[in-house]
Amino acid sequence: MAALSFDNARLGHQVGQDHRQKHGVLIEEIEGLIRVYKDGHVERPPVVPIIDCVVSSDSNLACRDVVIDKFTNVWARFYVPRGQGAKLPLLFYFHGGGFCVGSAAWSCYHEFLAKLATKAGCVIMSVNYRLSPEHRLPAAYEDGVCALMWARGEILRGSSEQKWWWSHCNFSHMFIAGDSAGANIAHHVTTRVGQLASSSDDPNVLKPMTLKGTILIQPFFGGEARTYSEKYMVQPPNSALTVAASDVYWRLSLPLGANRDHQWCNPIAKGAMDLEDLRVPPIMVCISELDILKDRNLEFCNAMSRAGKRVEHAMFMGVGHAFQVLHHSQLSQARAHEMMSHIKAFINQ
């Protein structure tokens, strides 16, 4: 995900040697990010700082962590712009990390979502879901639906404890979003909500919230057959996502025995759910020009469009996967502002 310093890499190597002596055979590894041992032990080096929900006093933003489910330890970090006057759209957000790493408390997500909440003018609920391989898919999807239903329950009850955020929301404008693996989660949570609506007497199972759209930022989809960009896109040494890392993430997160044409990995694969039958709102897909997922993201857009779904996409030139949270070059920052502008336009149309 992020580049490691030499000292961090050396420390990680020493720690890895110690753990191999204790836990035995190392069966999967993405250097600097995750190690999985045969005895089931999982090690995640602290490559990105975990930070508290603190924002500057002049940011005009309230931020707080809230426990959603004590049993699964699912929680969310809220970002609520202050002094906006009008009620604001509500945006559920899922962080990236290949389903295996990452946190709503990672500094890069905290900084990005604090800026997005202010710039786009929306209340953001950033969900911290369970990770693979300890909790393989569909655990993250279940946590996503749980988070939506928790919010719905707090709103229906008129919870005084949670009024600090829900009283600022326009419930008729609710969106589900995420980046990378979080975008995959956003898509599958959306389809699950559609399935619930189809099987329910009430077509709006999220009432009083109304789902108006899904925002997929560099969605992490895959497939057995490689796309052109997966085979030939040249990645820098510190790329946030390589084909090799992608394969490890899928081996650790899909059900045991499943391949990359499983519908949770490849939603447009033959045998996956019929796209025409999906009940989904309008979709916006953010694609990076230098991302190995570029072609797969475009294929998804085309397939959804052919199935009669309303899809729009924005291409961000000269940048790669997860640029908006992991890279701080002048170009990346400019493209991140472009992305926020696209998201603002989408949620306010």
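## Where two helices meet

Let's start with a meeting of two helices in this predicted model. From helix α2, the residues F112, K115, L116, K119 and A120 touch H337, M339, M340, S341, I343, K344 and I347 of helix α10. Sorted by character, the residues of this contact comprise 7 nonpolar, 2 polar and 3 charged.

Try tracing the α2 side with a finger: F112, K115, L116 and K119 are among its contact residues. An α-helix has 3.6 residues a turn, so residues three or four places apart point the same way.

## How the pair is arranged

Helix α2 covers residues 107-120, while helix α10 covers residues 330-347. At what angle do α2 and α10 pack? The angle is about 50°, and their axes lie 9 Å apart. Angles that are neither roughly parallel, roughly antiparallel nor roughly perpendicular count as oblique, and α2 and α10 are therefore oblique to each other. Their crossing is right-handed.

## A helix to check with a ruler

Helix α3 runs over residues 139-157 and has 19 residues. At 1.5 Å a residue, α3 should span 27 Å, and its end C-alpha atoms are 26 Å apart, which agrees.

Which residue just after α3 takes a positive phi? That is G158, with a phi of about 65°.

## The whole protein

Stepping back, the protein contains 10 helices and 11 strands. Its C-alpha atoms fill a box of roughly 55 × 50 × 40 Å along the principal axes.

For a compact globule of 349 residues, the radius of gyration would be near 20 Å; the protein has 20 Å, which agrees.

Methods: Residues are numbered from 1 along each chain as its sequence is written. This is a predicted model: local features need pLDDT of at least 70, side-chain atom pairs count only at pLDDT 80 or more; totals for chains, interfaces and linings use all residues. Side-chain values use heavy atoms; hydrogens and water are left out. Axes are lines fitted to C-alpha atoms, for helices over the stretch in contact, and angles run from 0 to 180 degrees between N-to-C directions. Helices (H or I, at least four residues) and strands (E, at least two) are DSSP runs, numbered from the N terminus. Angles under 35 degrees count as roughly parallel, over 145 as roughly antiparallel, 65 to 115 as roughly perpendicular and the rest as oblique. A crossing is left-handed if the near helix is turned anticlockwise from the far one by less than a right angle, and right-handed if clockwise. Contact means heavy atoms within 4.5 Å. Ala, Val, Leu, Ile, Met, Phe, Trp, Tyr, Cys and Pro count as nonpolar, Asp, Glu, Lys and Arg as charged, and the others, Gly among them, as polar. The expected span of a helix is 1.5 Å times one less than its number of residues. The radius of gyration is taken over C-alpha atoms; the globule rule is 2.2 Å times the number of residues to the power 0.38.
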